[in-house]
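Q: Please take a close look at the arginines of this chain that sit at its surface, and set them in the context of the whole model. Some remarks on the backbone would also be useful.

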Amino acid sequence: MEYLMPFSLRRTLRVTGAIGLSAVTIATIAVGGALVTTSQAAATTPVDPGLVWPTPSAYNSAGPIVVAIALGATPTVASDFLAPYEVFASSPQFSVYAVAASASPAQLEGGPAVLPVHTFDQVESGEAPRPDVVVVPAVQEPTGTKESALRTFITDQSDRGARILGICSGALVLAETGILDGLHATSHWSRISALEESRPQVDWVRGKRYVQDGSVTTTAGVTSGIPGALKVMADLAGPAEAERVGQALNYPGWSLEGPADIPTQHFTVADAPVALNAILPWLRPTLGVGLSDGDSEIDIAGLFEVYNVSFAARAVAVSAGDTITTRHGLVLSTRALGTGPTIDRLIIPGTTPADEVDPAMIDWAAEHTVPIDTINRSAGENGFDAALRYIAHDTDQATAESAAKMIDYPTKHLALSPEGTSWRAPLLLLTSVLLAIAVGFLPAAIRLAIRRRRIGTSRLAESVESSS
């Protein structure tokens, strides 16, 4: 006897299957979106092999205290590199240079490329000045074989007595070298739990802007590299010099004698807008960050960082040519205007008034009907202040606040505009849910269509038979 499945069981299985198919559809959309986001974030700035580069030089090369800021063979987090660079380069007591395994341009994650001044081998051979301080930013593959030369360089310089300053997730690089074993250290708040499991030999600390243990200083998320660098500056060049530079850089609430305590952060529902941006990147704008000679390193870092961590837009480094030289002598490679992805808006960092923007940028924007926004950082502000205010107005307050949390930047002093409203991600989410529901119930719709066709065919046959 043929077994007939009870109707209630068939219905339960079909509903379960529909829900499962909808869930798979949503997951596929989310994973696909995350892959697109990751791919765009990891996109490098193309460098013309025939490009004639300006000659890079160590800024304030007469300064007696030598600082080497390391670049990875894999992309380096832009703010982790640029912000400490400006801190040390702002003092005539320091000689600062970028160093990498290769003399080739090194990529900044989500930003321009940097031309190193020296290589690790040149430091080893004595051709380059031996550093008193080595700054270690976060890199894309901190424990991989591609960064073995970086880790060897750090270990060698530490063994020779250099101070080590690990910025944010640069602590992953330091932990892999073993020099943090037995020490107190910190890192980005989202990384510490994983580090406690992978490197239990280190006493990981939460809720501190920076942690200093012996000759090693580590900092919390991203912008904490500025206070961390100022602490090292105070130790080596004196409190007065650190106070002078710190006040000029306008890091909110900072003072040399102030507490290093910060809130212990974790992901919350308030971070939902950023999460949606990460998994639903479609239709988000592409912003050209228009760079010019003399731009502040922190101004540049601010814009790239807030957009990289919020995923609200794709930020691309552009200039009127192929390279620019920053305020303190870094040579950065950019995309020339009109090359690369289509730009929806041109944004100019720093304090440049609209009527003083590079004429080549103004002409190009007018020719291609691309609007220009100037990020007018006012006196007494930091580049991250201006970037966060801009993204709050450009998207919404929740996105700006979540981005600030990701980079460990204080915002109590900021009036983040609540007027901005971004409907792109919520509308994409609604569309995705409706699509998933439609896909989930597609088998039922097909079965219904087949059933109706069979019924229609049967009735037609009965009609033909009765008429004959």
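A: In this predicted model, 50% of the 468 residues of the chain count as buried. The exposed area comes to about 21,100 Å², and carbon and sulfur atoms supply 57% of that area. The C-alpha trace spans about 110 × 60 × 45 Å along its principal axes, and the secondary structure consists of 15 helices and 19 strands. Taking contacts between residues at least 6 apart in sequence, 73% join residues that are at least 24 apart.

The chain carries 31 positive and 47 negative charges, and the mean positions of these two sets lie 15 Å apart. On the surface, Arg14, Arg447, Arg451 and Arg454 form a positive patch. Helix H15, which covers residues 442-467, gives the most to this patch, with 3 residues. Arginine 451 has its place in helix H15. With a relative accessible area of 41%, arginine 451 is partly exposed, because that value falls between the limits of 20% for buried and 50% for exposed.

Arginine 130 belongs to a loop, the one that runs between helix H3 (120-125) and strand E7 (133-136). Its relative accessible area is 41%, so arginine 130 counts as partly exposed. Leaving aside residues up to four places away in sequence, arginine 130 touches Val66, Val123, Glu124, Gln157 and Arg160. One of these partners is glutamine 157; from arginine 130 to glutamine 157 there are 27 residues in sequence and 8.2 Å in space, C-alpha to C-alpha.

As for the backbone, most residues other than glycine have a negative phi. Valine 222 has a positive phi, near 40°. This valine lies in the loop that connects strand E12 (216-219) and helix H7 (225-237). Valine 222 is buried, because its relative accessible area of 5% is under the 20% limit.

Phenylalanine 311 also has a positive phi, with a value near 60°. The loop that holds phenylalanine 311 lies between helix H10 (297-310) and strand E14 (314-319). Here the relative accessible area is 22%, so phenylalanine 311 is partly exposed.

Technical notes. Residues are numbered from 1 along each chain as its sequence is written. This is a predicted model: local features need pLDDT of at least 70, side-chain atom pairs count only at pLDDT 80 or more; totals for chains, interfaces and linings use all residues. Side-chain values use heavy atoms; hydrogens and water are left out. Helices (H or I, at least four residues) and strands (E, at least two) are DSSP runs, numbered from the N terminus. Buried means under 20% relative accessible area, exposed over 50%, partly exposed in between (1.4 Å probe, protein chains only). Contact means heavy atoms within 4.5 Å. Accessible areas come from the Shrake-Rupley method with a 1.4 Å probe; for residues, only the protein chains shown count as cover. Lys and Arg count as positive and Asp and Glu as negative; His and the chain ends are not counted. The place of a charge is taken as NZ of Lys, CZ of Arg, CG of Asp or CD of Glu. Patches are made of residues with over 30% relative accessible area and no salt bridge: like charges are joined within 9 Å, nonpolar side chains (Val, Leu, Ile, Met, Phe, Trp, Tyr) within 5 Å. A salt bridge is a side-chain nitrogen of Lys or Arg within 4 Å of a carboxyl oxygen of Asp or Glu.
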